[in-house]
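This report walks a new reader through selected parts of one structure, beginning with a surface and ending with a contact between chains. Please look over the sequence and the model before reading on.

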Number of protein chains: 2
Amino acid sequence: MQIDGVLARELRRHYLFCALSDEQRERLLAASRTRRFVAGEVLFRRGDAARHFFLLHNGCVKLYRLSPEGSEKIMRLIRAGQTFAESTLFMEVPTFPVHGEGVEDGELVEVDRDAFLGLLRESFATCQAVMAQMTARIQGHWDEIETLALQNSRYRIVHYLLGLAPATAQGRTAVTLPARKMVIAAHLAVTPETLSRTLRALSDEHLIEVTGEDVMIADVEALRRHMH
Amino acid sequence: MQIDGVLARELRRHYLFCALSDEQRERLLAASRTRRFVAGEVLFRRGDAARHFFLLHNGCVKLYRLSPEGSEKIMRLIRAGQTFAESTLFMEVPTFPVHGEGVEDGELVEVDRDAFLGLLRESFATCQAVMAQMTARIQGHWDEIETLALQNSRYRIVHYLLGLAPATAQGRTAVTLPARKMVIAAHLAVTPETLSRTLRALSDEHLIEVTGEDVMIADVEALRRHMH
DNA sequence: AGCGGGAATTGATGGCGATCAAGGCGCAAT
DNA sequence: ATTGCGCCTTGATCGCCATCAATTCCCGCT
């Protein structure tokens, strides 16, 4: 399989694994396996025992929770090159804290939990990488909690659009929604209707132009100012 | 100062430090110092450079963010024995991601960041403790994001009351609000008015009885069922 | 080209919780 | 005891956003 070579290269580039020696990476690969999935396929359910964490090779995955009434809040949208479910590594009883499901067909690597934990013991640099990763995740959570608690839906949507643009972007900038609008809405904790209406309102104010899944931000700075 | 002996004992008991040797703990104490604060005192501002993280010895501290309009969302209420701001440990440019302010007079330990990072290198067990701690924090964030996104204010308040009771509690159970109602409200992302009204509604339904800061839960199971 | 079905849009309505405002209560200081 | 000052409570109103409902759009399929 060609994929092994690709994988080895991908691992070497990835944050969490780049501090490992080639020998260590090979050991890890030996204890891992790749898996294909299709859109809509359930990868794991909240509460399932976790013996792996994951590296998404390509495609798109959503991590989400459901309310008792059935509405869905997407906690994270995973894109190629990202790892997820690492937080199960250090649980006493490792179980997935969210549901995981394919959004677009793809392939992922199931990284064996115990094998990785063993490597951590040998590589302080990798420990640091894991902790830095978790720190970044925690930062993101603070931000999300803040916007959910303090800001209205319009702010969240504008904030999200701006987040899609490169940090250095200025002036007229094109961004592409990374998934269907329903999915984005579930991510932003609004209904599809509200997302649609807000995008229309922003269009009417000539702040953006929406064409399918492509959004042209007329002026990044103007939009940033507009939030406050 | 008597406090040093107390501190040494407290460190030994604490999660993050218990895996250290006595010699390591002493080194850490040497690089740390205790500090008193009063209610309302600003401990640090969001964006300040972080050279320490903290262990609260006694008193109460709030970590919070402010919206542009000035409303406050309390991200965490810290109680005696808890550490906070550890997430600055692994930032490239360590800055506090939230404001920190005393809610009740107290004392805290400022643990030197570099000293602790040095110890981590020597103690894999302590690395594990840090990672487990962060994992628990992440879990809590998922839960908070979920309740903010999917649940109404009544649910959040009931959930919070139940969280104050011991996990094993059954039947009639007394709990005490850990701070003034304004503070609780800012923690739950509701206004004081809404908190007050909701507590009254729950009282009218004979689910709880409120006396000042003491809340008697008439029947824990009934209240749990009531949420769904 | 025509069909079918899910996604997206648009409109009408209602409810939850914020806001504004006023009054009551507890408590410390004089 | 009385004053003053926050905190908490209660009431009235308003606005945002969810909900329900009806098209329309988009795209794959035959």
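How do the residues of the surface near DNA strand C divide into nonpolar, polar and charged? They divide into five nonpolar, five polar and seven charged, where Ala, Val, Leu, Ile, Met, Phe, Trp, Tyr, Cys and Pro count as nonpolar, Asp, Glu, Lys and Arg as charged, and the others, Gly among them, as polar.

The model is predicted, and local features need pLDDT of at least 70, side-chain atom pairs count only at pLDDT 80 or more, while totals for chains, interfaces and linings use all residues. Residues are numbered from 1 along each chain as its sequence is written, and chains are lettered from A and ligands numbered from 1 in the order in which they are written.

**The surface near DNA strand C.** A residue is near the strand if its C-beta atom, placed from the backbone, lies within 6 Å of it. In all, 17 residues surround DNA strand C, and the closest are Lys181(A), Met182(A), Ser196(A), Asn152(B) and Thr194(B). H7(A) provides the largest share of this surface, six residues. The helices tabulated here each supply at least two residues; helices (H or I, at least four residues) and strands (E, at least two) are DSSP runs, numbered from the N terminus.

| Helix | Chain | Residues supplied to the surface |
|---|---|---|
| H6 | A | at least two residues |
| H7 | A | at least two residues |
| H5 (153-164) | B | at least two residues |
| H7 (192-204) | B | at least two residues |

**Helix H6 of chain A.** Because six of the eight residues of H6(A) (residues 181-188) are buried, this helix is largely enclosed by the rest of the structure; buried means that 20 or more other C-beta atoms lie within 10 Å of a residue's own, with C-beta atoms placed from the backbone. Those buried are Val183(A), Ile184(A), Ala185(A), Ala186(A), His187(A) and Leu188(A), and what covers them includes strand S3 (52-66) and helix H5 (153-164) of chain A. After H6(A) comes Ala189(A), whose phi is positive, near 60°.

**The contact between the chains.** The contact takes 34 residues from chain B and 34 residues from chain A, two residues being in contact if their C-beta atoms, placed from the backbone, lie within 7 Å. On the side of chain B that touches chain A, strand S4 (72-79) and helix H4 (124-150) of chain B are the elements that give two or more residues, and H4(B) gives the most, with 19 residues. By class, that side of chain B has 19 nonpolar, nine polar and six charged residues.

Notes
Buried ≥ 20, exposed ≤ 12 C-beta atoms within 10 Å, placed from the backbone.
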